[in-house]
Amino acid sequence: MKHYVLLKLAEGADIDAAERKVRETYEALAAELPFFLEPAVYRCCTSRDSNAHLMAACRLDSTEHLETYLTHPLHLDMAKTLGPSVVGRMTFDHA
């Protein structure tokens with residue numbers, strides 16, 4: 001399955017730091033979890049109120065692995081670190 005996360009950051013948030021944190025976390029998860037594949041982080045190239053600032057994507061071997069990924073300490077740490085800067089979050093999963 002493919003898992004996508006879109007993050008909209010607060011006005012004045014450090015987008016560079018947020019992007020770096022997501023990228024580093026996704027790379028670490030890929031090294032640690034054999035089912036966490038093809039991590040990618042994208043930064044929006046246009047400025048519109050409706051746009052997210054960052055999109056992260058990965059492929060998981062199956063839907064059963066989603067909960068393991070979401071509760072992994074690396075993911076929880078990333079969410080805690082970014083939490084104060086995030087004003088909107090949306091996820092999307094497909095097989």
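Here are some short exercises on the structure above, each with a worked solution.

This is a predicted model, in which local features need pLDDT of at least 70 and side-chain atom pairs count only at pLDDT 80 or more, while totals for chains, interfaces and linings use all residues. Residues are numbered from 1 along each chain as its sequence is written, and side-chain values use heavy atoms, with hydrogens and water left out.

**Exercise 1: The overall fold**

Work out how many helices and strands the protein chain has, and in which order its elements run.

Solution.
- Step 1. Helices (H or I, at least four residues) and strands (E, at least two) are DSSP runs, numbered from the N terminus.
- Step 2. The count gives three helices and four strands.
- Step 3. Starting at the N terminus, the order is β-α-β-β-α-α-β.
- Step 4. The radius of gyration, taken over C-alpha atoms, is 13 Å, close to the 12 Å from the globule rule for 95 residues, so the chain is as compact as a globular protein of that length. The rule itself is 2.2 Å times the number of residues to the power 0.38.
- Step 5. For a ruler-style view, the C-alpha trace spans about 35 × 25 × 15 Å along its principal axes.

**Exercise 2: Surface and contacts**

Find what share of the 95 residues is buried, and what share of the contacts between residues at least 6 apart joins residues at least 24 apart.

Solution.
- Step 1. Buried means under 20% relative accessible area, exposed over 50%, and partly exposed in between (1.4 Å probe, protein chains only).
- Step 2. With that cut-off, buried residues make up 32% of the chain.
- Step 3. Contact means heavy atoms within 4.5 Å. Of the contacts between residues at least 6 apart in sequence, 73% join residues at least 24 apart.
- Step 4. The chain exposes about 5,900 Å², and carbon and sulfur atoms supply 55% of that area. Accessible areas come from the Shrake-Rupley method with a 1.4 Å probe; for residues, only the protein chains shown count as cover.

**Exercise 3: An aromatic cluster**

Trace which residues form one aromatic cluster with Phe36.

Solution.
- Step 1. Rings of Phe, Tyr and Trp (its six-membered ring) pair if their centres lie within 6.5 Å; planes under 30 degrees apart count as stacked, over 60 as edge-to-face and the rest as tilted.
- Step 2. The structure holds four aromatic pairs. One of them is Tyr26 with Phe36, edge-to-face, at 5.1 Å centre to centre and 80° between the planes.
- Step 3. This pair links distant parts of the chain: Tyr26 sits in helix H1 (residues 15–32) and Phe36 in strand E2 (residues 36–43), 10 residues apart. Both Tyr26 and Phe36 are buried.
- Step 4. Phe36 also pairs with Tyr69, here in a tilted arrangement, at 5.3 Å centre to centre and 35° between the planes. Tyr69 lies in helix H2 (residues 66–70), 33 residues from Phe36.
- Step 5. Put together, Tyr26, Phe36 and Tyr69 form one aromatic cluster. The relative accessible area is 2% for Phe36 and 0% for Tyr69.

**Exercise 4: His72 and its partners**

Is His72 buried or exposed, and with which side chain does its own side chain make a polar contact?

Solution.
- Step 1. Locate His72 in the loop between H2 and helix H3 (73–82).
- Step 2. His72 is buried, because its relative accessible area is 11%.
- Step 3. A polar contact is a pair of N or O atoms within 3.5 Å; within protein, one must be able to donate a hydrogen and the other to accept it, and residues adjacent in sequence count only if both atoms are side-chain atoms. The partner is the side chain of Glu32, at 2.8 Å.
- Step 4. Leaving aside neighbours within four places in sequence, His72 is in contact with Leu29, Glu32 and Leu33.

**Exercise 5: Two residues of helix H1**

Compare the surroundings of Arg23 and Thr25.

Solution.
- Step 1. Arg23 is found in helix H1 and is partly exposed, with a relative accessible area of 31%.
- Step 2. The Arg23 side chain makes a polar contact with that of Glu19 (2.8 Å).
- Step 3. Thr25, also placed in helix H1, counts as buried at 6% relative accessibility.
- Step 4. Beyond its neighbours within four places in sequence, Thr25 is in contact with Leu74, His75 and Met78.
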